[in-house]
Amino acid sequence: MRNLAQRVANTEASGIRRIFDLAANLANPVDLSIGQPDFDVPDPLKEKAAEAMRAGKNAYTPTQGGRELRSKLLAGPFKGYGESQLLVTGAVSGGLLLSYMALLNAGDEILIPDPYFVMYKQLAYMLDAVPVVYDTYPEWRLDAAKIDALVTPRTKAIVLGSPSNPTGVVYSGAELRALAEVVKKHDLIVIADDIYEFYCYDGPLARIRDFCPEHTLSLGGFSKSHAMTGWRVGWAVGPEALIQAMTKFQQFSFVCAPTPLQIAAAAAIDFDMSDAIATYKVKRDIVYQGLVDAGYDLVKPGGAFYIFAKTPWGTGTEFVEECIRNNLLVIPGGCFSDRDTHFRIAYCNTDDVLRQGVDILASLKNKR
């Protein structure tokens, strides 16, 4: 169709969709593909949303967000930030799009990690910007000196997630401190994807905003911590000028996050999810140890709910196609990387299903 913009051709469809197409005929697959919790939104929070709907709280909120949620965020996790430094977003995905729109001109460069969450690269293409990958293979660690060497006069921002999708890596305070020095040296903005910050298993979580707050945009939300993946409520906190620019673009796009769900999200801030989240450390250990025992090459993830393992043979795509033929759904690493040498497991299922998945992977280890 000649009317379509060039950015349509420049932007790739998610490779994850192809995997679902291949698996469409599986009756009851062992599904370790989707990154969403296997628990549901707690009933009291559902009721809070329903109460708001029944009470007629269904109109727009201000673009910046409703009073209840903003007050809770500024009194709690973002105490010390000003009103003009907070925007309630359409989850982290909405915040990513708005931040790219606010920061990137055509031809500007943005540094993204490899492996990366699928949106990081494609959003740059959508805006005619240039994604520049910083390689974190094979241990998924940050190397500030290598990142520094990639910065050019066109570099505007750097994206990172800790804990990360797809690797589960958690960056150390020393790594983030060194990166902060690079960011300040070149006057860059860090877009910190903090959606998995509640899933950190082996020690306290260091945050990049603690080392360069004036250069950091923090994006977070309730999708992973409270299983609200379909509710689309999140936040952006950072430099006032950037937040105000994002707010301007939200006025002409998302308008505001869903009002009743913002009200329920405000209640979620005080709702203890620690027991549900703690089960994921057990799930990680089931899958990690099972793959180690089977002889797989992988790095133990410190957070999130993903393992990014090296394929024992073939490309990531070839290996995943064989997994599908054996009733197992995982995602090829090429969906998240410029390489196709790994595969991603999302250990978001019951412990019994995770063990079934490990058994299938063990059986495929030496199939070629």
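This is a short talk on the pockets, one surface patch and the salt bridges of a single structure.

Okay, hi everyone. Before anything else, keep in mind that this is a predicted model. I'll start with the pockets, then move to the outside, and finish with charged pairs.

So, the largest pocket. Its space comes to about 870 Å³. There are 41 residues in the lining, and if you want to find the middle of it on your screen, go to I16, F117, V118, M119 and N165, which lie nearest the centre. Which helices feed into that lining? At least two residues each come from α2, which is 15-22, from α5, which is 91-103, and from α6, which is 118-126. The top contributor is α6, with eight residues in the lining. And for those of you thinking about chemistry, the lining of this largest pocket splits into 21 nonpolar residues, 14 polar ones and six charged ones.

Now the runner-up. The second largest pocket has a volume of about 270 Å³. Here 18 residues make the lining, and F198, S225, H226, A268 and I269 are the closest to the centre. Sorting the lining of this second largest pocket by type, you get eleven nonpolar, three polar and four charged residues.

Let's go to the surface. M1, L4 and V8 together make a nonpolar patch of about 350 Å². M1 sits in the segment before α1, and that helix covers 6-10. Is M1 buried or exposed? With a relative accessible area of 76%, M1 is exposed. The cut-off for that word is over 50%, so M1 qualifies.

On to salt bridges. How many does the structure hold? The count is 21. I'll pick out a few pairs.

Take E47 and R54. These two form a salt bridge, and the closest N and O atoms are 2.4 Å apart. R54 is exposed, at 58% relative accessible area, while E47 counts as partly exposed, at 34%.

Next up, K185 and D148. Their side chains meet in a salt bridge at 3.0 Å, N to O. What I like here is that the pair links distant parts of the chain: K185 belongs to helix α8, residues 173-186, D148 belongs to helix α7, residues 144-150, and the two are 37 residues apart. As for exposure, K185 counts as exposed at 56% relative accessibility, and D148 is partly exposed at 22%. Anything under 20% would be called buried, so D148 stays in the partly exposed class.

Then there's R207 with E197. That salt bridge comes in at 3.1 Å, N to O. Both residues lie in the loop between β6, 189-193, and β7, 216-221, so the pair ties together parts that are ten residues apart in sequence. Which of the two partners is buried? E197 or R207? It's E197, buried with a relative accessible area of 12%. R207, at 26% relative accessibility, counts as partly exposed.

One more thing on charges. D38, K283 and D351 are joined into one network by salt bridges that share partners.

Okay, to wrap up. If you open the model later, I'd begin with the largest pocket, at about 870 Å³, and look at α6, which gives the most to its lining. Then flip over to K185 and D148, the salt bridge between α8 and α7. That's it from me, thanks.

Terms used. Residues are numbered from 1 along each chain as its sequence is written. This is a predicted model: local features need pLDDT of at least 70, side-chain atom pairs count only at pLDDT 80 or more; totals for chains, interfaces and linings use all residues. Side-chain values use heavy atoms; hydrogens and water are left out. On a 1 Å grid over the protein atoms alone, a cavity is a set of points where a 1.4 Å probe fits but cannot get out, and a pocket is an open set with protein on both sides within 12 Å along at least five of seven lines; lining residues have an atom within 4 Å of a point. Grid points are joined across faces, edges and corners, and a volume is the space filled by probe spheres set on the points. Helices (H or I, at least four residues) and strands (E, at least two) are DSSP runs, numbered from the N terminus. Ala, Val, Leu, Ile, Met, Phe, Trp, Tyr, Cys and Pro count as nonpolar, Asp, Glu, Lys and Arg as charged, and the others, Gly among them, as polar. Patches are made of residues with over 30% relative accessible area and no salt bridge: like charges are joined within 9 Å, nonpolar side chains (Val, Leu, Ile, Met, Phe, Trp, Tyr) within 5 Å. Accessible areas come from the Shrake-Rupley method with a 1.4 Å probe; for residues, only the protein chains shown count as cover. A salt bridge is a side-chain nitrogen of Lys or Arg within 4 Å of a carboxyl oxygen of Asp or Glu. Buried means under 20% relative accessible area, exposed over 50%, partly exposed in between (1.4 Å probe, protein chains only).
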